[in-house]
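Good morning. I will go through one structure today, starting with its aromatic rings and ending with two single residues. Please have the sequence and the picture in view.

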Amino acid sequence: MRIVLIAPTALDMAGRPIKQRRVYLPGLTLQILAAVTPSDVELHLVNETAEDIPFDQPWDLVGLTGMGSGIVRAWQIADEFGRRGRTVAIGGIAASLADPEWTLAHADALVVGEAEELWPRVIDDARHGRLQRVYHMERPPDVKTLPRPRYDLMKPSKFGPWSPVQATRGCPFTCTFCSITAFFHQGYRKRPVGEVLRDVREAKRIRGSHYVAFIDDNIGVDWDYCRELWLALVPEKIVWMSQCSLHIADRPDMLALARRSGCRLLSFGIESTNPRSLATIDKEWNRPERYAEAVKAIRGHGIDVSTEMIVGLDDDDDSVFERTEDFVMGNCISVPRVHILTPVPGTPLYRQMLAEGRIVSQDFGRYSGGQVVFRPRRFDPIALQANYWKLYERLFSWRAIWHRVGRNRARLGAYLRAFVVGVNLHYRSHIGRRICPGIV
């Protein structure tokens, strides 16, 4: 049996697939699914951002995943394989949260939920000609027994030095815009530290790199767990980055341990400097009055800060662009990302806006975080779109990049400093092409 697993790329504003030579921060989905694929299967993995899809080969089964607007590209790829008579199954966060009929219009089967236990069933059913239309996760997979990811299937020429590893799944917070909270039902599960170390060592051994990207959505939730994990990472001598909540700024002991364990960069969902805007997305526990102090505390322990922010929230007005720029530039945020509020299907925000009649586009290829797909409360949609790109152009001008990176006092070392500069240049190029930074 011949199977190809594909991670689709995202689409640009003209609807074209985004391509580049390498993927620098890869996901882990395909490697995990490969690990639960029977050994007698001839299996191929394709990350479309950096690789071409072998449409004309005789595949017995095609598996597609996708997050955010990438689901639209998954549908396009499924249609192309369908015209060739291939059997296609689609899963992932976006497909699981959206209306099932949207995906079933393009695929033979839909996989809803986490797929470690479902994927072997899909393969067996396809092998014996009894493929079902929908496969529902009956229970979340036990994160204590997750398989060893197939890092050996990551082509060295197509991926940068960062290896994806997962320690936790989900996030316990209730941000209304977040597809992660919706997909994991606000759950938060922690893998045994020994299992995490197994994957770290495997990634180092196979990929020959000590750079690790923990793909957790919020690694800093349970401090007892963090302490156990980070102490265990110290002798591994890795360099790692991840996503975290700003609560860690209140724990200098954890910041010191994170740095000692190899942490050099953390990304934070700042979202907004306006407390009233934060309240509209159920994130009022973020405290804008302490942002600058928090950034200073984190950097003071030698860890750099990346941020995610949103414009177009229901309490935002035209001042949001100046306030966002002031925060990013004033705090020398080395890798800032800004998104237009996007009501992702399956989230509370989407249901709210749908009920209010504020969704103005069902073209999900536009749900990339860089396009206005809803009717803002206090903006003209055209002005919001135009000012969004103007803000990005100011943040990534040559002068702004030099200010943010050159004056950044995080202790990164030569390679990581070069990595941060490279990310800025990559984002600057994407902004010029009107591609939302961070979607590939």
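Is Phe81 buried or exposed? Phe81 counts as buried, because its relative accessibility is 0%. Keep in mind that this is a predicted model.

Phe81 has a partner, Phe55. Phe55 has a relative accessibility of 19%, and anything under 20% is called buried, so Phe55 counts as buried. A search of the whole structure gives 17 aromatic pairs. In the pair of Phe55 and Phe81, the ring centres are 4.9 Å apart and the planes meet at 45°, so this pair is tilted. The two residues are 26 apart in the chain, and the pair links distant parts of it: Phe55 is in the loop between strand S2 and strand S3, and Phe81 is in helix H2.

Next is a pair with another geometry. The ring centres of Phe214 and Trp240 lie 5.4 Å apart with their planes at 85°; planes over 60 degrees apart count as edge-to-face, so that is the name for this pair. Phe214 belongs to strand S10 and Trp240 to strand S11, again 26 residues apart, and this pair also links distant parts of the chain. Phe214 and Trp240 are both buried.

Those two residues come back when we look at the nonpolar cores. As a general point, nonpolar side chains in soluble globular proteins tend to be buried together. Here, the largest nonpolar core has 130 residues, and the members touching the most others are Phe214, Trp230, Trp240 and Ile248. Take Ile248: beyond residues up to four places away in sequence, Ile248 touches Trp223, Trp230, Met254, Leu255, Leu266, Phe268 and Ile298. There is also a second, separate core of 20 residues, with Leu5, Leu33, Leu43 and Leu118 among them.

Back to rings for a moment. One aromatic cluster is made up of Tyr388, Trp389, Tyr392, Phe396 and Tyr427. Phe396 also has a charge over its ring: the charged end of Arg404 sits there, 4.7 Å from the ring centre. Arg2 does likewise with Trp59, its charged end sitting over the ring at 4.3 Å from the centre.

Now a helix. How far apart are the end C-alpha atoms of helix H12? They are 16 Å apart, and this agrees with the expected span, because twelve residues at 1.5 Å a residue should span 16 Å. Within H12, the buried residues are Val320, Phe321, Thr324, Phe327, Val328 and Met329. These pack against several elements, including strand S12, helix H11, strand S13 and helix H14. After H12 comes Cys332, which has a positive phi, near 50°.

Strand S13 brings us to the first single residue, Ser306, which is located in that strand. Ser306 is buried, since its relative accessible area is 2%. Its side chain makes a polar contact of 3.0 Å with the side chain of Arg337. Setting aside neighbours within four places in sequence, Ser306 is in contact with residues including Leu266, Phe268 and Arg337.

The last residue is Gln20, found in the loop between strand S1 and helix H1. Gln20 counts as buried because its relative accessibility is 16%. What does the side chain of Gln20 reach at 2.8 Å? It reaches the backbone oxygen of Arg22. Apart from neighbours within four places in sequence, Gln20 is in contact with Thr49, Ala50, His426, His430 and Val440.

How values were computed
Residues are numbered from 1 along each chain as its sequence is written. This is a predicted model: local features need pLDDT of at least 70, side-chain atom pairs count only at pLDDT 80 or more; totals for chains, interfaces and linings use all residues. Side-chain values use heavy atoms; hydrogens and water are left out. Helices (H or I, at least four residues) and strands (E, at least two) are DSSP runs, numbered from the N terminus. The expected span of a helix is 1.5 Å times one less than its number of residues. Buried means under 20% relative accessible area, exposed over 50%, partly exposed in between (1.4 Å probe, protein chains only). Contact means heavy atoms within 4.5 Å. Rings of Phe, Tyr and Trp (its six-membered ring) pair if their centres lie within 6.5 Å; planes under 30 degrees apart count as stacked, over 60 as edge-to-face and the rest as tilted. A charge sits over a ring if NZ of Lys or CZ of Arg is within 6 Å of the ring centre and within 35 degrees of the ring normal. A nonpolar core is a set of buried Ala, Val, Leu, Ile, Met, Phe, Trp, Tyr and Cys residues joined through side-chain atoms within 4.5 Å. A polar contact is a pair of N or O atoms within 3.5 Å; within protein, one must be able to donate a hydrogen and the other to accept it, and residues adjacent in sequence count only if both atoms are side-chain atoms.
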